[in-house]
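Good morning, colleagues. I should like to take a few minutes for one structure, and I ask you to keep it in view while I speak.

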Amino acid sequence: MLSSSKVEVHELIAWELDEYPYRNSAMGCRREMVERAQQKLAERERHATCAALLTEESESIDHLLAECKQRSDLQAEYEGLDWTLGVVDLRRLLAFQRRLVFTVTQPTSHLPREDDWPQLLSLTIGLRRSTDHHFVHNGSGTGDLDISLHSSNPDLQLRLSPGAGRSDHLPLFLYGGSPFCEVAELRGRWFLRDGYHRAYRLLQAGVHRIPAVVIHARTIEELGATKPWFFSEEQLFSERPPQVMDFLDETMVLRYERTAFRKVIRIRVEESLQAFDETDEV
């Protein structure tokens, strides 16, 4: 049984495995599972391009999408990208994440029906990710301020405020990560960019069509598949790439436990006196 200090990992195993030490203890006799998954992949038909954006469904809720698109948080999140809002089919998406991580304390909430567009919009576009954290004051013998923020949200960040530089604004704020379900198209292939856990739960419940942010990426960097723990570009554009639906196929997934992680942001403030320089002020 999992404890609060443990999480369960669901990892796609039919593609070349990366270096991940937490998987090692789970392998053992399960290597045959990897071989079976790889054999099943080899028998799969080659990937055929199929647009995930559903035009008819998107047009049917255009009034809802147009209202959402005016939101300042959406516009700020995707500034500089070619993006829109639309209805997508989760079954047509490729996955660049290798692993999904589940905690036993993760609450299970009611999922909307597939045709309940207002509730689906609330789930996929309306959420704000938690910035909850535990504040720790680290002792400093010099008197300088040294603090840490501990959070279960791995995407918690400390960002510069839009008003940074103005004397009446605190220059920093906490950001919990993008709360939006995101789909991206690159070179004719459609990927789930963000929102993997919600997509997994929705697919389990038989909900395939959801509203999402749709990004037409120009580079692999805009797609977002650049972390070393993601599938490589070569794998993503191979004849049989990983699909989001593969997470629901028990023959393609290895499950194992690992220790839970926490995000730690450490802030150290050091004070000093320096000669005034008007050039620096400018």
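Let me begin with a question: are Arg 23 and Asp 18 buried or exposed? Before answering, I should state that this is a predicted model. Arg 23 is buried, and Asp 18 is buried as well. Their side chains meet in a salt bridge, with 2.6 Å from N to O. The two also belong to a network of salt bridges that links Glu 11, Asp 18, Arg 23, Arg 98 and Arg 99. As a general point, side chains of opposite charge can pair when their charged atoms come close. In this model the count comes to 23 salt bridges.

Two further salt bridges deserve attention for their positions in the chain. In one of them, Glu 239 pairs with Arg 46, and the closest N and O atoms are 3.4 Å apart. Glu 239 lies in the loop between α9 and β13, and Arg 46 in the loop between α2 and β2, so the pair ties together parts that are 193 residues apart in sequence. Glu 239 is partly exposed, at a relative accessible area of 40%, whereas Arg 46 is exposed, at 59%.

In the other, Arg 209 forms a salt bridge with Glu 57, and here the closest N and O atoms are 3.4 Å apart. Arg 209 belongs to strand β12 and Glu 57 to helix α3, so this pair links distant parts of the chain, 152 residues apart. With 22% relative accessibility, Arg 209 counts as partly exposed, because the class of buried residues ends at 20%.

I turn now to helix α2, residues 31-42. How far apart are its end C-alpha atoms? They are 17 Å apart; at 1.5 Å a residue, the 12 residues should span 16 Å, so the two values agree. Within α2, Val 34, Ala 37 and Leu 41 are buried. Viewed down the helix axis, the buried residues of α2 fall within an arc of 65°, and they therefore line one face of the helix. The general background is that an α-helix has 3.6 residues a turn, so residues three or four places apart point the same way. On the other side of α2, Glu 35 and Arg 36 are exposed.

Next, the aromatic residues. The structure holds 10 aromatic pairs. In one of these, Tyr 78 and Trp 83 have ring centres 5.5 Å apart and planes at 40°, so the pair is tilted. Tyr 78 is buried, with a relative accessible area of 1%, and Trp 83 is buried with 14%. Trp 83 has a further partner: Lys 69 lies over its face, 5.4 Å from the ring centre. Elsewhere, Arg 258 lies over the face of Tyr 22, at 6.0 Å from the ring centre. Ring pairs also join Phe 96, Tyr 196, Trp 229 and Phe 230 into a cluster.

Finally, strand β7, residues 145-151. How many of its 7 residues are buried? The answer is 6, and the strand is mostly covered. Strand β6, residues 134-137, runs antiparallel to β7 and is joined to it by 4 bridges. Strand β14, residues 263-269, is also antiparallel to β7, with 7 bridges between them. Ser 148 of β7 takes part in both pairings: it is the bridge partner of Val 136, and it stands opposite Arg 266 in β14.

Methods
Residues numbered from 1 in each chain as written. Predicted model: local features only at pLDDT ≥ 70, side-chain atom pairs only at ≥ 80, totals over all residues. Heavy atoms only, no water. Helix = DSSP H or I, 4+ residues; strand = E, 2+ residues; numbered from the N terminus. Expected span 1.5 Å × (residues − 1). Buried < 20%, exposed > 50% of the residue type's maximum accessible area, 1.4 Å probe, protein only. Arc of directions from axis to C-beta. Salt bridge = Lys/Arg side-chain N within 4 Å of Asp/Glu carboxyl O. Phe/Tyr/Trp six-rings, centres within 6.5 Å; stacked < 30°, edge-to-face > 60°. Lys NZ or Arg CZ within 6 Å of the ring centre and 35° of its normal. Pairing = 2+ DSSP bridges.
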